Amino acid sequence: MRLRVAAGGPAALKVLAAAGAAAAPVRLRPLAPLSPPWVPVLELDSGTVLFSPNAICQFFFLARGEEPTDLTNQWLEWEATELQPAASAALYAQLVHGKKGLEAAEALGKLLAHIEQNLSRRGTAYLAGNTESVADVVVWGTLFPVLRDETSLPSELQALRTWFRSMTLSEACRKAADSVLMPKALLEFKAYLQKQPPPCLAVEKATSNEPEEEEGSERALTEEEITAAVDAWARGAAALPKPWQPQKPVLPVEGMRNVLITSALPYVNNVPHLGNIIGCVLSADTFARYCRLRNWNTLYVCGTDEYGTATETKAVEEGLTPQEICNKYNAIHADIYRWFDISFDYFGRTTTPYQTTIAQDIFQRLLARGFLLQDTVEQLRCEDCQRFLADRFVEGTCPFCSYEEARGDQCDKCGKLINAVELKNPQCKLCRGVPVVKPTQHLFLDLPKLEERLEPWLEQSWATGDWTANARYITRSWIRDGLKPRCITRDLKWGTPVPLDGFRDKVFYVWFDAPIGYLSITANYTDQWERWWKNPQQVELYNFMAKDNVPFHSVIFPCSLLGADDNYTLVNHLIATEYLNYEDGKFSKSRGVGVFGDMAKDTGIPADIWRFYLLYLRPEGQDSAFSWSDLMLKNNSELLNNLGNFINRAGMFVCKFFGGTVPNMVLTPDDKRLLARVTLELRQYHQLLEKVRIRDALRCILSISRHGNQYIQVNEPWKRIKGDEKDRQRAGTVTGVAVNMASMLAVLLQPYMPSISLAIQGQLCIPPDCFVLSHDFTCTLPPGHRVGTVSPLFQKLENDQVEALRKRFGGGQPEDLAVAPQARQTPAASEPPPAPATLMAPGDPQLIQKLTEEVAKQGNHVRQLKANKAEKAQVDTEVAKLLELKKQLALAEGKNPEVPVPKGKRKK
């Protein structure tokens with residue numbers, strides 16, 4: 001194998017050190033010194049090429065027979081997502097701005113402390129144990145160009161100093177440093193860096209929903225940055241790119257950046273809660289809006305996932321056909337997303353002829369190429385329900401971590417995938433009966449055979465795309481544990497039929513079938529769908545999801561498309577969130593805990609406030625939690641007092657002091673520094689959103705408005721307007737600069753709060769041609785521009801209002817009647833029944849009328865089931881619903897809610 005490295009490039013250091021430590025038989029070849037981005041390249045004898053430095057290091061250690069552990073992988077992910085960006089910024093400051101090693105160490109303070117704490121806590125000589133691993137080489141290789149020796153480290157970091165010295169003195173690391181960090185090569189690398197913009201870092205506060213603390217001192221601005229900012233300002237709106245409107249339907253355009261965005265298809269048989277909304281559709285929508293503002297040719301598709309056992313079961317519960325259930329809940333989902341202002345180009349569904357055609361075509365191509373297996377499997381069958389049980393309708397104890405509420409396909413606690421028959425103490429979730437194991441024939445996707453196609457594609461996608469750290473880690477863990485054949489068929493009626501003799505009574509398993517929905521939904525949008533989905537040369541694909549969906553999008557679905565061998569577009573950027581919890585627990589529709597999508601609009605809080613808060617606490621690094629008190633705090637502080645206050649004051653000053661016309665501006669050195677400071681925030685906003693760091697980019701918007709408030713407060717235009725000519729001119733300049741900052745904020749806000757953005761555009765009369773994103777802060781509202789009527793953008797949330805909402809959604813409220821009481825899930829035997837409704841006072845005639853109708857309807861439904869001699873479990877389920885409705889009716893009428901036990905024949 002041949003290793004190509006560029007002397008002077010820091011990435012080469014870890015790669016050469018790993019090659020030496022693992023005694024890898026590589027032949028060194030030089031890279032052109034100024035070949036950006038100075039990344040090493042490993043050419044394997046098989047022809048595969050690795051570009052990722054960390055992947056190359058891992059390969060060397062794997063070739064030596066050292067399998068990575070979970071701890072090793074965690075260190076590698078931390079190095080790639082946390083340490084590497086900070087070290088790159090420190091090295092830039094060192095080489096370009098002349099900072100010293102001690103100053104660089106201070107910039108890395110929290111990260112160095114993290115290493116110190118781990119070494120001290122574990123009491124080991126190395127990061128992942130008592131022997132050197134790939135993690136040690138990679139972390140050392142990132143730190144060494146900045147620190148050089150342990151004397152740059154604070155004396156209190158004793159464990160880190162010892163580890164760093166030990167690594168530096170090892171033969172492999174010493175030789176790597178001598179060959180890479182040569183003076184001449186470093187000068188060339190410095191010259192390269194000087195031509196690049198300085199890296200901007202966003203410090204992620206993963207353990208808190210609190211806003212970033214204001215830094216005591218901001219980095220000094222250079223004269224070049226100030227001059228460039230003033231020049232950009234002076235060029236005005238003419239310097240902005242012209243907003244581009246794609247034709248309909250949106251199709252890839254030669255020479256443009258074509259961005260295809262999907263969010264995980266929500267399952268049709270339930271109502272999404274706030275965690276579902278931020279994890280998929282809202283995150284994808286924010287990024288899609290940003291892409292459109294960048295004039296990238298963007299298509300955003302989604303839809304409801306409608307096949308599978310869950311739909312069949314829901315249909316039985318509600319006395320409807322599966323298609324009727326799908327129609328009902330598809331409309332509910334669409335209404336929710338419409339209220340949240342999700343800007344789908346097309347929102348579809350999977351129960352379409354295109355889904356059948358495309359899924360069966362992929363299946364036939366896999367079959368023809370030998371990537372499908374046939375086998376007899378043991379499957380759980382509930383004799384009471386007379387059906388084989390889908391994985392998610394079995395619950396039991398995880399065989400790996402002993403979590404007692406593991407599903408039949410995956411454990412939510414340890415994350416491992418499970419075959420339902422492996423569960424200990426399994427239970428049918430429908431009737432709580434004990435299922436039995438029965439044999440049945442099924443088809444399998446031969447993942448082990450496809451692995452040789454999957455791994456090179458993954459390496460390339462990781463090297464060139466933006467995958468979140470959890471997506472990489474989950475995927476690596478799955479592959480490390482060894483891929484196994486995966487069943488793609490189920491013994492059901494409701495699904496895409498399997499077009500193969502011997503299996504025509506079966507349907508495709510939802511996790512083979514559902515991701516194909518992205519393709520079929522696009523096909524329902526345009527008959528030229530293949531221009532998006534069979535065009536990897538021109539199309540960039542972004543997948544948005546929560547972390548539990550990662551293996552299906554990073555392994556199973558790509559394997560299906562790779563095996564089909566039809567030039568499919570595969571994911572370039574896989575963006576996965578952690579989980580959003582509710583207060584101190586989880587969302588639960590059956591227990592009435594948490595806010596669900598169909599309830600948010602009934603709170604009286606506008607959709608844009610929900611969008612803002614969910615995006616503010618988006619679980620990017622680890623789980624986060626929705627909190628009513630925190631929502632009130634963020635609304636009243638960040639929106640009302642910070643952002644809204646600044647934009648309102650800027651507009652009001654124009655109206656009150658200058659007759660609604662933007663005044664002339666004469667920039668002082670302080671104004672020019674403000675332009676440069678705002679430009680830095682603007683560029684950081686871009687850097688973060690280009691990496692899909694949506695939450696952190698929102699902080700940049702709030703930081704700009706804080707700068708604006710400080711600017712107004714220091715200059716006091718309301719006082720200066722009463723002074724002499726010089727003071728009045730100063731008031732005009734401050735007002736003009738401020739209202740232009742507000743104009744720019746309207747554009748930056750559009751991906752996050754589209755209605756508020758539109759309101760600002762209307763109030764300030766911002767020209768439509770200015771609603772496009774640039775990397776420069778320009779004067780879009782020049783002197784003489786007239787603004788409209790300015791009014792407050794936000795309202796204060798009062799404590800009493802929030803406490804009432806906390807109580808309402810804290811457990812016990814009935815499900816929203818818009819989703820029909822008969823759609824309620826029957827509580828499990830181990831759960832307490834839902835508490836009675838307390839939201840409407842007894843005697844409310846509207847509620848009494850509504851519940852009376854529902855009781856009558858449910859009573860007729862139960863009598864019909866009995867007349868048709870329906871199964872006892874089904875009848876009991878519907879009777880339980882009838883009793884619950886009667887309780888609610890009794891409460892509404894002010895009566896005792898205890899309902900008499902229904903009479904019936906006793907068994908002798």
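A cavity, in the sense used here, is a set of grid points inside the protein where a 1.4 Å probe fits but cannot get out, and a residue belongs to its lining when one of its atoms comes within 4 Å of such a point. In this structure, which is a predicted model, the second largest cavity is lined by Leu 541, Asn 543, His 553, Phe 557, Pro 558, Leu 561, Thr 569, Leu 570 and Val 571. The space in this second largest cavity is about 50 Å³. Two elements, strand S17 (539-546) and helix H20 (550-564), each give two or more residues to its lining, and H20 gives the most, with 4 residues. Sorted by class, the lining of the second largest cavity holds 6 nonpolar residues and 3 polar ones, with no charged residues.

## The protein as a whole

The protein has 908 residues, of which 56% are buried, and its secondary structure comes to 31 helices and 20 strands. When contacts between residues at least 6 apart in sequence are considered, 78% of them join residues at least 24 apart. The accessible surface of the protein is about 38900 Å², and 52% of that surface belongs to carbon and sulfur atoms.

## The nonpolar cores

The largest nonpolar core has 193 residues, and the members that touch the most other members are Ile 261, Ile 362, Trp 610, Trp 628, Tyr 685 and Tyr 752. Helix H27 (residues 725-749) gives the most to this core, contributing 13 residues. A second, separate core has 58 residues, among them Leu 16, Leu 83, Leu 157 and Leu 181.

What does Ile 261 touch, leaving aside its neighbours within four places in sequence? The contacts of Ile 261 include Ala 284, Phe 287, Ala 288 and Cys 291, then the run Thr 298, Leu 299, Tyr 300 and Val 301, and also Tyr 542 and Phe 544.

Ile 362 appears again in the surroundings of Phe 512, a residue found in helix H17 (residues 510-513). Is Phe 512 buried or exposed? Phe 512 counts as buried because its relative accessibility is 2%, and buried means under 20%. Beyond its neighbours within four places in sequence, Phe 512 is in contact with Ala 359, Ile 362, Phe 363, Leu 366, Ile 488 and Ser 560. Of these partners, Ile 488 lies 24 residues from Phe 512 along the chain, yet the C-alpha atoms of the two are separated by 5.8 Å.

## Empty space inside and at the surface

Rolling a probe the size of a water molecule over the atoms shows where empty space is left. The count of cavities of 30 Å³ or more comes to 5. The largest cavity is lined by 15 residues, and those nearest its centre are Met 744, Val 747, Val 772, Asp 776 and Thr 780. Helix H27, which also gives the most to the largest core, supplies the largest share of this cavity's lining, 5 residues.

The second largest pocket is lined by 21 residues, of which Phe 59, Leu 62, Glu 455, Glu 459 and Ile 479 are the closest to its centre. Helix H2 (53-63), helix H15 (447-464) and helix H16 (469-480) are the elements that give two or more residues to the lining of this pocket, and the largest share, 7 residues, comes from H15.

The table sets out volumes and lining classes.

| Space | Volume | Lining residues by class |
|---|---|---|
| Second largest pocket | about 620 Å³ | 10 nonpolar, 4 polar, 7 charged |
| Largest cavity | about 150 Å³ | 9 nonpolar, 5 polar, 1 charged |
| Second largest cavity | about 50 Å³ | 6 nonpolar, 3 polar, no charged |

## Details of the backbone

A cis peptide bond, with omega about -5°, joins Lys 248 and Pro 249. Pro 249 has its place in the loop between helix H10 (223-235) and strand S5 (258-263).

Another loop, the one between H20 and strand S18 (573-577), contains Asp 565. Phi of Asp 565 is near 55°, a positive value in a residue other than glycine, and this residue counts as partly exposed because its relative accessibility is 46%. Asn 567 is also found in the loop between H20 and S18. Although Asn 567 is not a glycine, its phi is positive, about 60°, and with a relative accessible area of 40% Asn 567 is partly exposed.

Key: Residues are numbered from 1 along each chain as its sequence is written. This is a predicted model: local features need pLDDT of at least 70, side-chain atom pairs count only at pLDDT 80 or more; totals for chains, interfaces and linings use all residues. Side-chain values use heavy atoms; hydrogens and water are left out. A nonpolar core is a set of buried Ala, Val, Leu, Ile, Met, Phe, Trp, Tyr and Cys residues joined through side-chain atoms within 4.5 Å. Buried means under 20% relative accessible area, exposed over 50%, partly exposed in between (1.4 Å probe, protein chains only). Contact means heavy atoms within 4.5 Å. On a 1 Å grid over the protein atoms alone, a cavity is a set of points where a 1.4 Å probe fits but cannot get out, and a pocket is an open set with protein on both sides within 12 Å along at least five of seven lines; lining residues have an atom within 4 Å of a point. Grid points are joined across faces, edges and corners, and a volume is the space filled by probe spheres set on the points. Ala, Val, Leu, Ile, Met, Phe, Trp, Tyr, Cys and Pro count as nonpolar, Asp, Glu, Lys and Arg as charged, and the others, Gly among them, as polar. Accessible areas come from the Shrake-Rupley method with a 1.4 Å probe; for residues, only the protein chains shown count as cover.
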